[in-house]
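Here are my notes for someone opening this structure for the first time. Please read them with the model on screen.

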Amino acid sequence: AVVPAAVARYGEQAACFVSLARSTEDFSSVVLSCELAFRMVQVDPVTGECESDDRGFDEEFPLEDLELSTNDYMAKVSQGDFRRSWDQIGTDGEVLEKFALQFKKLEEAVAAIVDFLGMQAVDGTGAVAPENAGAGKKPHTLHLSGVFVGNVPVLVRAQLQMDDAGGGVVLKMAVRSPSMEVSQIVAECIR
């Protein structure tokens, strides 16, 4: 559905809205091309009235592409006490993954993981301890919380550590939700 701007005068801002409906259970990334379609009408700059009787002419202006990723289906919501929520969800919908990431600093990797998954860092785990910042040797634990489309709670417990051999970051991640399918979808967000 489209809610157009009634009028957009030269030099002024106007808002229009587009609502997209998801037609499948496919949550993979998709790129949508966008364009702004509008009608150009000549107006008198003093009176603001149309200068002629004609209805103007239609124009189109290409906009940046819109990329919808899996993390766009996740709301950054805290589930309360992480440990209790983690234990309550249990292991039936748990997915374990290990990744080698190409980051030079732990704090960069933590920020990227939060962004890739679209989740909320909880329990103060979104910040790397100063003594472990940069290329620190100690592992960093990251707790993430969110709600996936369909009101499915999701929790992630991740451990990040600098890889001495490869110069990157090793990520060990456990994703838990009541749905094994949702846990797998979230785990696949790491790229």
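1. **Where the pocket gets its walls.** Keep in mind throughout that this is a predicted model. Start with the largest pocket. Strands β2 (17-18), β3 (30-40) and β4 (57-68) each supply at least two residues of its lining. The top contributor is β3, with nine residues.

2. **Pocket volume and lining.** The largest pocket holds about 1,400 Å³ of space. Its lining counts 33 residues, and those nearest the centre are Ala5, Ala8, Leu36, Ala37 and Phe38. What classes of residue make up the lining of the largest pocket? There are 23 nonpolar, four polar and six charged residues.

3. **An exposed residue on β3.** Val31 lies in strand β3. Is Val31 buried or exposed? Its relative accessibility is 53%, and the cut-off for exposed is over 50%, so Val31 counts as exposed. Beyond its sequence neighbours up to four places away, Val31 touches Asp65, Leu66 and Glu67. Val31 and Ala100 are 69 residues apart in sequence, and their C-alpha atoms are 26 Å apart in space.

4. **Strand β10 and its partners.** Now move to strand β10, residues 169-176. Six of its eight residues are buried, so the strand is mostly covered. Strand β6 (residues 94-101) runs antiparallel to β10, and eight bridges join the two. One bridge pair to find is Glu97 with Met173 of β10. Strand β9 (residues 152-162) also pairs with β10, again antiparallel and over eight bridges. Here, look for Val156, whose bridge partner in β10 is Val175.

5. **The largest nonpolar core.** This core has 35 residues. Which of them touch the most other members? They are Ile113, Leu117, Phe148, Val156, Leu160, Met173 and Val186. At least two residues each come from β6, α2 (106-117), β8 (140-148), β9, β10 and α3 (180-187). Helix α2 gives the most to this core, with eight residues.

6. **Another core.** Apart from the largest nonpolar core lies another, of five residues. Among them are Phe82, Val122, Leu155 and Ala174.

7. **Val156 up close.** Select Val156 and show its contacts. Leaving out residues up to four places away in sequence, Val156 touches Phe82, Trp86, Leu117, Met119, Leu142, His143, Leu144, Met173, Ala174, Val175 and Val186. Among these, Leu117, Met173 and Val186 are also listed with the residues of the largest nonpolar core that touch the most other members.

8. **Ala158, also on β9.** Ala158 is found in strand β9. Its relative accessible area is 1%, and under 20% means buried, so Ala158 is buried. Past four places in sequence, Ala158 touches His140, Thr141, Leu142, Leu171, Lys172 and Met173. Ala158 and Lys98 are 60 residues apart in sequence, yet 9.5 Å apart in space, C-alpha to C-alpha.

9. **Helix α3.** In α3, the residues Val182, Ser183, Ile185, Val186 and Ala187 are buried. What covers the buried residues of α3? The cover includes β5 (74-75), β6, α2, β8, β9 and β10. A general point helps when reading this pattern. An α-helix has 3.6 residues a turn, so residues three or four places apart point the same way.

10. **Ser85 in helix α1.** Ser85 is found in helix α1, residues 82-89. Its relative accessible area is 11%, which means Ser85 is buried. Apart from neighbours within four places in sequence, Ser85 is in contact with Gln79 and Leu155.

11. **Two loop residues with positive phi.** Check Asp123 and Asn151 in the backbone view. Asp123 has a positive phi of about 60°, although it is not a glycine. Asp123 is found in the loop between β7 (120-122) and β8. It has a relative accessible area of 53%, so Asp123 is exposed. Asn151 is another non-glycine residue with a positive phi, near 65°. Asn151 lies in the loop between β8 and β9. Its relative accessibility is 65%, so Asn151 too counts as exposed.

Note on methods. Residues are numbered from 1 along each chain as its sequence is written. This is a predicted model: local features need pLDDT of at least 70, side-chain atom pairs count only at pLDDT 80 or more; totals for chains, interfaces and linings use all residues. Side-chain values use heavy atoms; hydrogens and water are left out. On a 1 Å grid over the protein atoms alone, a cavity is a set of points where a 1.4 Å probe fits but cannot get out, and a pocket is an open set with protein on both sides within 12 Å along at least five of seven lines; lining residues have an atom within 4 Å of a point. Grid points are joined across faces, edges and corners, and a volume is the space filled by probe spheres set on the points. Helices (H or I, at least four residues) and strands (E, at least two) are DSSP runs, numbered from the N terminus. Ala, Val, Leu, Ile, Met, Phe, Trp, Tyr, Cys and Pro count as nonpolar, Asp, Glu, Lys and Arg as charged, and the others, Gly among them, as polar. Buried means under 20% relative accessible area, exposed over 50%, partly exposed in between (1.4 Å probe, protein chains only). Two strands pair if DSSP finds at least two bridges between them. A nonpolar core is a set of buried Ala, Val, Leu, Ile, Met, Phe, Trp, Tyr and Cys residues joined through side-chain atoms within 4.5 Å. Contact means heavy atoms within 4.5 Å.
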